[in-house]
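Walk through this structure with me, one contact at a time. We begin with a pair of strands, move to a helix and end among the aromatic rings.

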Amino acid sequence: MISRRDFLSRIASASAATTFGLAGSEAFAADAWHAGYHSAAKQNPWLLAYRSPEREHFQAEVPVEGQWPKSLNGVLYRNGPAQHDVGDFRYRHWFDGDGLVQRFEVKDGRLFHVGRMVQTAKRTREQNLGRAALPAFGSTPPDGVGVTKADDLNPANISMLWHHQRLLALWEAGSPHEISAEDLTTVGVHSFSSETAGLPFSAHPRVEPDGTLWNFGYASGSGRIVLWHLDPDGRVEKLKALPVGPTSMPHDFIVTGRYVVLLLAPLHRESDRSTDRGFLGLHQWHPDLPTRVLVIDKNRFEVVRELELPAQWIFHFGNGFDDGNGVIRFDAARHANPDVMFNTLSDVMRGRWTPSEHARWYEYTLDLNKGRATETLALDSSLGVEFPTVNGSEIGIPHQRVVMLSGDASRESRPGDLSQVSCWNRATGKLGIYRYPDDHMAEEHLLVSDPSAEVGQGGWIVGTALDCARQATCLSVFAADRLADGPLAQATLPYALPLGLHGTFVPKTTNG
Ligand SMILES: [Fe+2]
């Protein structure tokens, strides 16, 4: 008889030892990827976006140009893969490098910035060895060392979460890392309870306005998805390891008033053998198979309906809500396939640009009564999109606006082609767009509400961009409803930071 604790523990270890392909590794006499990137980077300014940081710790104080809104007080925290080279080994995928967490705070007309590498067990082990030795999402360094659990591989490099007065750096196949909210030093691996230590916790939890947190985590080696329900104080209210059949790698999900919705794309793990492409290399895309839509009752964590959509690849959803009568609506950046993950975001690491088709903005309806899932292109097909975000106060209920990066999908894809910030107002049908100068590469922008404005109106958009010409990262703030007017204020750091992934804005009132 296996106890519940033993069972969960097996899931925690399964997602490492059997998932990441640890049986062996290929020898690399000379790392052509390392040489390829560093040679190409001398010719192509945009490759600055994928350069490893030159140090562990960044700190700067710079003036803000323009008028930073007086009532916008808080801290923007960001995270992203950064340590793309370890010794002479260069990772094969943008998602692999150790996480660099950042803190941006504007006070009295000045931007105070801190950046610091997350000191994970993985990073410490490789620093002690003096080389890359642990398999990653899309890479398998030579002469790998043994691991026993997912957190042995955890680079803490995808997103940030502020919850129950803790700042957490998230990965998706293992535990969060707690980070000091002030100086960004690493406190350590965070467990929500002893029973759940090491379980996969995705980088896109959904937090309802009262602080209730929902999340999932895929434990590929076990064929299960772990579902999490935490209370506002970070206590585990409910947890379930749901058997899901063919394993995919969902990155984000939807929570509505009644349901948790998971889309399982036909990207199936079909191998346990080690490959030089890490975890990603164990997977096969099946364009002729449907995307499975699991509709899960929030209270019981049981699948109440399984529907189908055409094969598609979604990194990120906007938001979802239901009408209380069995109709669920949500929106997402829909890729036709995972080519961008397999090709574009891998080849940039060796200094090559391999275009892939952009994602488009889609709206979905799940009718549980009729057993039907439908999808509709919601914005012009010439608009490529990614990194959608909504206001945190609208999670699980009908949302007014979605902020996302966008670009002209009708022309040939090029590096930095998502250099527009867009604000799509679902209620009015208005699409506001600001386009950064051509030598900028935009990063995720967040919608921050103005407490004095009506819900769904006003507020600001805050985000960062890499100015490849000046070799500097900048922070900008926009009026959300006047995005096209350009930044209200902007501050430019005296250094360039690697292009990151996700962040969170913590209003000062809750940051202490
Ligand atoms: Fe993401």
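Val 75 stands opposite Val 506 in strand S35. The model shown here is predicted. Strand S3, residues 74-78, pairs with S35 in the antiparallel sense, and five bridges join the two. S35 spans residues 503-507 and is mostly covered. Of its five residues, four are buried.

Turn next to helix H2, which covers residues 32-41. Which of its residues are buried? They are Trp 33, His 34, Tyr 37 and Ala 40. Viewed down the axis of H2, these buried residues fall within an arc of 145°, so they line one face of the helix. What does that face pack against? The buried residues of H2 pack against strand S5 (85-86), strand S6 (89-90) and helix H4 (339-347).

Two details add to the picture of H2. At the start of the helix, Asp 31 contributes a side-chain oxygen, which comes to within 3.2 Å of the backbone nitrogen of Trp 33. Tyr 37, one of the buried residues, has Arg 90 over its face, at 3.5 Å from the ring centre. A second charge over a ring involves Lys 238. Its charged end sits over Phe 301, 4.4 Å from the centre of the ring.

Now the aromatic rings themselves. How many aromatic pairs are there? With ring centres required to lie within 6.5 Å, the count comes to 22. One of them joins Phe 95 and Phe 315. Their arrangement is edge-to-face, with 6.1 Å centre to centre and 85° between the planes. This pair links distant parts of the chain. Phe 95 lies in the loop between S6 and strand S7 (98-107), while Phe 315 belongs to strand S23 (residues 313-322). The two are 220 residues apart. Are they buried or exposed? Both Phe 95 and Phe 315 are buried.

Phe 201 and Trp 228 form another edge-to-face pair. Here the centres are 5.1 Å apart and the planes make an angle of 80°. This pair, too, links distant parts of the chain, 27 residues apart. Phe 201 sits in the loop between strand S12 (186-189) and strand S13 (206-207). Trp 228 is in strand S15, residues 224-230. Phe 201 and Trp 228 are both buried.

Finally, return to Phe 95 and Phe 315. They are part of one aromatic cluster. Its other members are Trp 46, Tyr 50, Trp 94, Phe 137, Tyr 218, Phe 279, Trp 313 and Trp 353.

Definitions and conventions:
Residues numbered from 1 in each chain as written. Predicted model: local features only at pLDDT ≥ 70, side-chain atom pairs only at ≥ 80, totals over all residues. Heavy atoms only, no water. Buried < 20%, exposed > 50% of the residue type's maximum accessible area, 1.4 Å probe, protein only. Arc of directions from axis to C-beta. Contact = heavy atoms within 4.5 Å. Polar contact = N/O pair within 3.5 Å; in protein donor to acceptor, adjacent residues only side chain to side chain. Phe/Tyr/Trp six-rings, centres within 6.5 Å; stacked < 30°, edge-to-face > 60°. Lys NZ or Arg CZ within 6 Å of the ring centre and 35° of its normal. Pairing = 2+ DSSP bridges.
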